[in-house]
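Q: Could you take me through one part of this model up close? I'd like to see how the sheet is put together and what packs against it.

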Amino acid sequence: MTEPGEQSRIEADEARVALAGARWRARSRRVKLLRRVLPIIILMLAGGALTWTVFRTVMSGVERKASQSQEVRLDSPLFHGQDAQGRAFTVGAQGAVRDPATGHFRLIGPALKLNLGGRKVTELTADGGTYNEQAKTVTIGPNVRISDGGTGFVLTTPEAVVDTSTGNVTGSKGVQGSGPIGTINASSYAIYDQGQRVVFDGAGDNKVMGVLTPKGSGG
């Protein structure tokens with residue numbers, strides 16, 4: 001015959017065993033559920049990532065095509081204008097593309113002419129450039145060649161910036177040139193009044209500093 005104390009211990013042990021069994025069964029059910037659900041979640045996440053990647057690729061292509069469709073492409077364009085003193089200039093190129101976002105023209109093979117009057121025409125050519133019609137600037141380069149009608153000098157430089165409102169041409173990336181009085185090598189240059197005055201400045205090995213004026217200009 002089982003005594004009351006021993007019976008209580010047996011019942012307590014049975015209760016603990018039953019509780020442990022219930023917990024084990026609950027964990028087992030969760031594990032089985034996770035084993036079923038996790039692969040589905042992983043597939044959903046992978047599919048979502050793949051879908052997003054494809055979506056962004058497609059949208060990028062659409063945006064690129066939309067941007068290209070808004071670009072204005074010109075063959076052999078020629079822009080005409082005058083500076084503040086009424087002197088004419090032309091900005092030509094083999095081709096030009098207008099950026100719809102900025103309104104700037106990207107120039108291919110630009111060729112500029114600044115007319116001093118008579119035969120004094122300063123010509124500039126380069127491989128490429130940008131025409132900002134609103135800011136009245138043309139930046140060309142690389143391989144810039146400047147044939148200055150005022151001084152008779154032919155200059156080569158990596159970059160030239162033309163202010164179409166004044167006709168001034170400037171550059172700070174080095175310049176080499178040859179003309180009626182010899183050769184020149186400088187760090188920067190500026191052509192004022194469409195060739196009436198050319199200023200060179202040097203630094204380091206290029207210590208040339210000077211001003212050139214054409215004959216008959218009073219300089």
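**A close look at the sheet**

A: Let's start in the middle of things: L112 sits opposite L124 of β7. Keep in mind that this is a predicted model. The two strands involved are β6 (residues 111-115) and β7 (residues 121-125), antiparallel and joined by 5 bridges.

Zooming out, β6 and β7 belong to an open, antiparallel sheet of 8 strands, with the order β2-β3-β6-β7-β10-β11-β14-β15. At the edges you find β2 (78-82) and β15 (182-186); each has a single partner strand, so one side of each has no neighbour in the sheet. On average, neighbouring strands here are turned by 15 degrees against each other, if you ignore direction.

Now walk along that order. T90 lies in strand β3 (residues 88-92). With a relative accessibility of 19%, T90 counts as buried because the cut-off is under 20%. Setting aside neighbours within four places in sequence, T90 contacts L78, F79 and H80, and also A111, L112 and K113.

Back to L124 in β7, the residue facing L112. Not counting residues up to four places away in sequence, L124 touches P110, A111, L112, L114, I140, R145, I146, A160, V162 and V169. L124 also turns up in the largest nonpolar core, a group of 28 residues, where L107, L124, I146 and V169 have the most contacts inside it. As a general background point, nonpolar side chains tend to be buried together in soluble globular proteins.

V169 deserves its own stop. You'll find V169 in strand β13 (residues 168-171), and at 0% relative accessibility V169 counts as buried. Leaving out residues up to four places away in sequence, V169 touches L114, L124 and I146, then A160, V161 and V162, and finally Y189, A190 and I191. There's also V198, 29 residues from V169 along the chain, with 9.2 Å between the two C-alpha atoms.

Further along the sheet, strand β10 (residues 144-147) pairs with β11 in the antiparallel sense over 4 bridges. R145 has T156 in β11 as its bridge partner. The two strands make a hairpin with 6 residues between them, and G152 in the turn has a positive phi of about 80 degrees.

β11 (residues 154-157) has a nice alternation: L155 and T157 point to one face and are buried, whereas V154 and T156 point to the other and are not. That fits the general rule that side chains in a regular strand alternate between the two faces of the sheet. On its way to the edge, β11 is joined to the antiparallel strand β14 (residues 175-179) by 3 bridges, and there V154 has S178 as its bridge partner.

One last detour, to the aromatics. The structure has 3 aromatic pairs. In one of them, F79 and F105 are tilted, 5.0 Å centre to centre with 55 degrees between the planes. This pair links distant parts of the chain, since F79 is in strand β2 and F105 in strand β5 (residues 105-108), 26 residues apart. F79 is buried at 14% relative accessibility, and F105 is buried too, with a relative accessible area of 9%. Add Y131, and ring pairs link F79, F105 and Y131 into a cluster. F79 brings us back to T90 as well, being among the residues in contact with T90.

Notes:
Residues are numbered from 1 along each chain as its sequence is written. This is a predicted model: local features need pLDDT of at least 70, side-chain atom pairs count only at pLDDT 80 or more; totals for chains, interfaces and linings use all residues. Side-chain values use heavy atoms; hydrogens and water are left out. A nonpolar core is a set of buried Ala, Val, Leu, Ile, Met, Phe, Trp, Tyr and Cys residues joined through side-chain atoms within 4.5 Å. Buried means under 20% relative accessible area, exposed over 50%, partly exposed in between (1.4 Å probe, protein chains only). Contact means heavy atoms within 4.5 Å. Two strands pair if DSSP finds at least two bridges between them. Axes are lines fitted to C-alpha atoms, for helices over the stretch in contact, and angles run from 0 to 180 degrees between N-to-C directions. Rings of Phe, Tyr and Trp (its six-membered ring) pair if their centres lie within 6.5 Å; planes under 30 degrees apart count as stacked, over 60 as edge-to-face and the rest as tilted.
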